[in-house]
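Trainee: I am new to this structure and would like to go through it step by step. Could we begin with the nucleic acid and then turn to the protein chains?

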Number of protein chains: 2
Amino acid sequence: MPVGELRPPKRQSTVDYVAEALRGAIMAGGLQQGEQLGETELAERLDVSRGPLREAMQRLVAEGLLEAVRNRGVFVTELSTADVEDIYRTRSAIERGALELVMDGRREETVRALTPSITAMRTAARRGSAPGVSDADHTFHEELVACSGSLRLIRAMRTLVVETRMCLGELETTYPDLGSQVREHEEIVEAIGEGTLERAKELLVAHMDDAVQRLAAKRVPPAS
Amino acid sequence: MPVGELRPPKRQSTVDYVAEALRGAIMAGGLQQGEQLGETELAERLDVSRGPLREAMQRLVAEGLLEAVRNRGVFVTELSTADVEDIYRTRSAIERGALELVMDGRREETVRALTPSITAMRTAARRGSAPGVSDADHTFHEELVACSGSLRLIRAMRTLVVETRMCLGELETTYPDLGSQVREHEEIVEAIGEGTLERAKELLVAHMDDAVQRLAAKRVPPAS
DNA sequence: GATCATCTGATTGTTGACAATAGTAGGTGG
DNA sequence: CCACCTACTATTGTCAACAATCAGATGATC
């Protein structure tokens, strides 16, 4: 008889599970910005008690994804235009740090790791699927940081990816041109392959500045 | 009658208070690396219940200062030599990001903000007080990031400062030469004042590399 | 009619008790 | 004497009940 199936199904702690579920809900838009997280309802939905739920929420508070107001409850952090800029500037700093590490003897490995997301992005672009490109975009950047092997850069990036998706969530992710989006990422991979650190950094910074300007323009609708 | 003194003494939430207390204890060495945090004892000492204490601990788990092992408890994270490198590399990325922001129209303000810590460092160096120099060192770098105004860089830096002190905690902070330490910081401030971003970055990177090599050398005692 | 006080409902904050797990000490058999 | 098994103890994980607080509604007063 298969014993493997009836052992206590808890590999990870309850708090881990709940925190991950909340993170996913925020990222996917199931929890909107500014929305309050009712403890009783959430606990019931996740089939846990309020205790572990509150512990998990504190994890996301520490990450800045949730905000706790005393005697009022916890809310999904609302991102202002200033926050959008801050997110991309921070990502820029983190990802350039990752680039430096990756350039130091991990180039081939990194190019290999980034190729799948590039391929996916190219396919999505050909289909004209903006969400597909967006997904591949995030995978690319998270993978880049993962290749750095830096625990702390990776940890910071995990939160930043969620925040990036929160920015995009409200407005449909419409790139001006899907093809150019693919090209920008390809160029970064090329620079990594060549080992030209400064060029890779320049491309990355330009890429991020583009994104932040696109988002800022969307947020403050052009004077009509 | 002074009503200001009898209002409920809770400005901040209990979790905030406990989390800050734990962070301070870790930074000051009251909680050593690898040490287990007994819930009952700690709760009693902080005069709170286990509930809020556990919530506060989860915040530090999210920051990476504590590690939770299922059914075993939470422990202060142990920093390996690889971690020390990682901490300084991450700080390097974060602080360079801060430098860029600071250089963009906040130079005078930043120089003003950094001057006190430089003065304190100079005084401590004159006294021959290595701990004094170390304190001023941390103040300097945290202040630099604070001047960037970036919420996310500041948040990351707060954790990194604690981790930096954890590295230093075990071995006495002995700089080879206190005066040169002061000089390095002065040069960074000068570069900020002049607005030469690249020079400031170079100085900062060199400063961090020095530190990490000094620590690595101390950790793996020279082959005896 | 507008404003303020009070009341009510619901939600959060905290606590203590209970259940489950892991480490430890003691005992038994080889 | 060592290895293994068993019972115990201490600690963590979870939960439900209680206390405290806030937002909104209701009603009274000017």
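Trainee: Which residues come nearest to DNA strand C?
Mentor: This is a predicted model. Of the 18 residues around DNA strand C, those that come nearest are R50(A), R54(A), T14(B), S49(B) and R72(B).

Trainee: Which parts of DNA strand C are within 4 Å of the protein, and in what share?
Mentor: Sugar or phosphate supplies 72% of the atoms of DNA strand C within 4 Å of the protein, and the bases supply the rest.

Trainee: Which side chains have an N or O atom by a phosphate oxygen of that strand?
Mentor: One of them is R54(A), with a side-chain N or O atom 2.6 Å from a phosphate oxygen of DNA strand C. R72(B) also has a side-chain N or O atom placed 3.0 Å from a phosphate oxygen of DNA strand C. Two elements give two or more residues to the surface near this strand: α3 (50-63) of chain A and α3 (50-63) of chain B.

Trainee: Which element gives the most?
Mentor: That is α3(B), with three residues on the surface near DNA strand C.

Trainee: And what about the backbone of N71(A)?
Mentor: A polar backbone atom of N71(A) is 3.4 Å from a phosphate oxygen of DNA strand C.

Trainee: How do the residues of that surface divide by class?
Mentor: The surface near DNA strand C has three nonpolar, eight polar and seven charged residues.

Trainee: Let us move to DNA strand D. Which residues come nearest there?
Mentor: There are 16 residues around DNA strand D, and T14(A), S49(A), R72(A), R50(B) and R54(B) come nearest. Of the atoms of DNA strand D that come within 4 Å of the protein, 74% belong to sugar and phosphate.

Trainee: What does N71 do in each chain with respect to DNA strand D?
Mentor: In chain A, a polar side-chain atom of N71(A) lies 3.3 Å from a sugar or linking oxygen of DNA strand D. In chain B, a backbone N or O atom of N71(B) lies 3.3 Å from a phosphate oxygen of that strand.

Trainee: Where does the side chain of R72(A) lie?
Mentor: One of its polar side-chain atoms lies 2.9 Å from a phosphate oxygen of DNA strand D. By class, the residues of the surface near DNA strand D are two nonpolar, seven polar and seven charged.

Trainee: Now the protein chains. How many residues does each give to the contact?
Mentor: Chain A gives 35 residues and chain B gives 35 residues. The two chains bury about 2,700 Å² between them, and 48% of this is on carbon and sulfur atoms. On the side of chain B, the residues that lose the most area to chain A are E55(B), R70(B) and R152(B), which together make up 25% of what that side buries.

Trainee: How many salt bridges are found across the interface?
Mentor: There are 10 salt bridges across the interface of chain B and chain A. In one of them, the side chains of R152(B) and D86(A) meet at 2.8 Å, N to O. There are also 16 residue pairs in polar contact across the interface.

Trainee: Which elements of chain B give two or more residues to that side?
Mentor: They are α1 (14-28), α3, α4 (81-103) and α7 (151-170) of chain B. Of the elements, α4(B) gives the most, with 11 residues. By class, the side of chain B that touches chain A has 11 nonpolar, eight polar and 16 charged residues.

Trainee: How many salt bridges does the structure hold over all chains?
Mentor: Over all chains there are 37. In a salt bridge of 2.8 Å, N to O, the side chains of R54(A) and E55(B) meet. This pair joins two chains, because R54(A) lies in helix α3 of chain A and E55(B) lies in helix α3 of chain B.

Trainee: Which rotation superposes chain B on chain A?
Mentor: A rotation of 180° does so, with 0.0 Å of shift along its axis and an RMSD of 0.0 Å. The two copies are therefore related as by a two-fold rotation axis. The same surface serves both copies, as 100% of the contact residues of chain B recur in chain A.

Trainee: Lastly, how many helices and strands does chain A have?
Mentor: Chain A has nine helices and two strands. From the N terminus on, their order is α-α-α-β-β-α-α-α-α-α-α.

Note on methods. Residues are numbered from 1 along each chain as its sequence is written. Chains are lettered from A and ligands numbered from 1 in the order in which they are written. This is a predicted model: local features need pLDDT of at least 70, side-chain atom pairs count only at pLDDT 80 or more; totals for chains, interfaces and linings use all residues. Side-chain values use heavy atoms; hydrogens and water are left out. A residue is near a molecule or strand if one of its heavy atoms lies within 4 Å of it. A polar contact is a pair of N or O atoms within 3.5 Å; within protein, one must be able to donate a hydrogen and the other to accept it, and residues adjacent in sequence count only if both atoms are side-chain atoms. Helices (H or I, at least four residues) and strands (E, at least two) are DSSP runs, numbered from the N terminus. Ala, Val, Leu, Ile, Met, Phe, Trp, Tyr, Cys and Pro count as nonpolar, Asp, Glu, Lys and Arg as charged, and the others, Gly among them, as polar. Contact means heavy atoms within 4.5 Å. Buried area is the accessible area (1.4 Å probe) that two parts lose on being put together, summed over both. A salt bridge is a side-chain nitrogen of Lys or Arg within 4 Å of a carboxyl oxygen of Asp or Glu. Copies are superposed by least squares on the C-alpha atoms of residues with pLDDT of at least 70 in both.
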